[in-house]
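Welcome! Here are some exercises to work through with the structure open beside you. Try each task before you read its solution.

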Amino acid sequence: MKQEIIKRVTYTSLDEVMAKLKRESAVTDQLLSLAAGVFKDIGERGDKAVREYTSKYDKVEISGFRVTEAMMDDAERQIPEELKRAIAVASANIEKFHAAQKIAATVTETMPGVRCWQRQVPVGRVGLYIPGGRAPLFSTVLMLAVPAVIAGCREIMLATPPGSNGIPHPAILYAARVAGVESLYRIGGMQAIAAMALGTETIPAVNKIFGPGNSYVTAAKQYASALGVAVDLPAGPSEVMVVADGSANPRFVAADLLSQAEHGPDSQSVLVTTSSSFADAVYAETERQLATLPERETALSSLAGSAIVVVPSEKEILEVVNSYAPEHLILQVPDAA
């Protein structure tokens, strides 16, 4: 019998569905213990320890960590014009959205002589972590750096892993230039988080660390938080939940599921629908698109932990969505509101 690429779940109860969607915690005591060792080592030996971890985990020897202007210029030359235009459009859209979030310091007199107001103050020095392994997340550069620029952060530092040639992915460097980031460091993993949290001879300590990462990065951020360094949140594996009915296009839904699945083997993609025939169509389309996907093996690993859930009615859809509380929710139904 042919093995399913993604499990199909028929709703019997909410508890049963949630049990089948449950994943183990990405951060274990073993990872936190490893993070403690990395932090202690970098705290004691600084740059030398960072270089050794970079050699051990990234398999590349690096003398200086700072990304040079020459590296930035070379990266820009490698980016196709079409991608440059797409990055420019994305950057402008992100800037427009976040600029609208600024609030005026409105003074409210709650009682005679008592005046209260809320004021937004930028973080002094922020550290942005950008994964750069299997799929370089240059979009994340824009989503983190553009708001930091708008907020008026005094210094924006970005850390991203080096490639096999010792230089980060050109799209990450180009997106950082477009966003206005000037301090870039070619370090990744736990050692990058520890270096930003503690500071070394050449890497400044930051006030707050932002950005996604694998279970090692997440463990390092949690350890940094325990030391008193602010972090955005201990992000888990990426996930998407798509709610769709027979009016949706199975090709689009399959593409949404696969675009999340190729993020990494621990990503999770879930479709929730009331239509069994639509579920079958999406399954078939997912299988068809998977055959030509460059990151096929990664997506296959992710889909093994993903699901297509068929529920009786809209009531159960809302139950599943609210209980799962997805990182990304896509609604492909006539009445999305």
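**Exercise 1. Find which residues lie nearest the centre of the second largest pocket, and where its lining comes from.**

Solution. Keep in mind that this is a predicted model.

Step 1: Start at the centre of the second largest pocket, where Pro 122, Pro 147, Ala 148, Ile 150 and Ala 151 lie nearest, out of 17 lining residues.

Step 2: Look for the elements behind the lining. Both β4 (125-129) and α6 (138-151) supply at least two residues each, and the largest share, six residues, belongs to α6.

Step 3: Sort the lining by character: 13 residues are nonpolar, three are polar and one is charged.

Step 4: Add the volume. The second largest pocket holds about 480 Å³ of space.

**Exercise 2. Decide which residues of helix α4 are buried and which are exposed.**

Solution. Step 1: Go to α4, residues 69-78, and pick out Met 71, Met 72 and Ala 75, which are buried.

Step 2: Ask why these three count as being on the same side of α4. They cover an arc of only 100° around the axis, and that puts them on the same side. The general rule helps here: an α-helix has 3.6 residues a turn, so residues three or four places apart point the same way.

Step 3: Turn to the other side of α4, where Glu 69, Ala 70 and Arg 77 are exposed.

Step 4: See what covers the buried residues of α4; α7 (170-179) and β6 (183-185) are among the elements that do so.

**Exercise 3. Map the largest nonpolar core and the elements that build it.**

Solution. Step 1: Count its members. The core has 32 residues, and Ile 187, Ile 193, Met 196 and Ile 209 have the most contacts inside it.

Step 2: List the elements that give two or more residues: α2 (29-45), α3 (47-58), β5 (155-159), α8 (189-198) and α9 (215-226). The largest share, seven residues, comes from α8.

Step 3: Zoom in on Ile 209. Among the residues it touches beyond four places in sequence are Ile 193, Met 196, Val 229 and Val 231.

Step 4: Look for another core. A second, separate one has 29 residues, including Ile 94, Ala 145, Val 146 and Ala 176.

**Exercise 4. Is Val 217 buried or exposed, and what does Val 217 touch?**

Solution. Step 1: Locate Val 217 in helix α9.

Step 2: Check its relative accessible area, which is 1%. Buried means under 20%, so Val 217 is buried.

Step 3: Leaving out residues up to four places away in sequence, Val 217 touches Tyr 129, Gly 189, Ile 193 and Pro 212.

Technical notes
Residues are numbered from 1 along each chain as its sequence is written. This is a predicted model: local features need pLDDT of at least 70, side-chain atom pairs count only at pLDDT 80 or more; totals for chains, interfaces and linings use all residues. Side-chain values use heavy atoms; hydrogens and water are left out. A nonpolar core is a set of buried Ala, Val, Leu, Ile, Met, Phe, Trp, Tyr and Cys residues joined through side-chain atoms within 4.5 Å. Buried means under 20% relative accessible area, exposed over 50%, partly exposed in between (1.4 Å probe, protein chains only). Helices (H or I, at least four residues) and strands (E, at least two) are DSSP runs, numbered from the N terminus. Contact means heavy atoms within 4.5 Å. The arc is that of the directions from the helix axis to the C-beta atoms. On a 1 Å grid over the protein atoms alone, a cavity is a set of points where a 1.4 Å probe fits but cannot get out, and a pocket is an open set with protein on both sides within 12 Å along at least five of seven lines; lining residues have an atom within 4 Å of a point. Grid points are joined across faces, edges and corners, and a volume is the space filled by probe spheres set on the points. Ala, Val, Leu, Ile, Met, Phe, Trp, Tyr, Cys and Pro count as nonpolar, Asp, Glu, Lys and Arg as charged, and the others, Gly among them, as polar.
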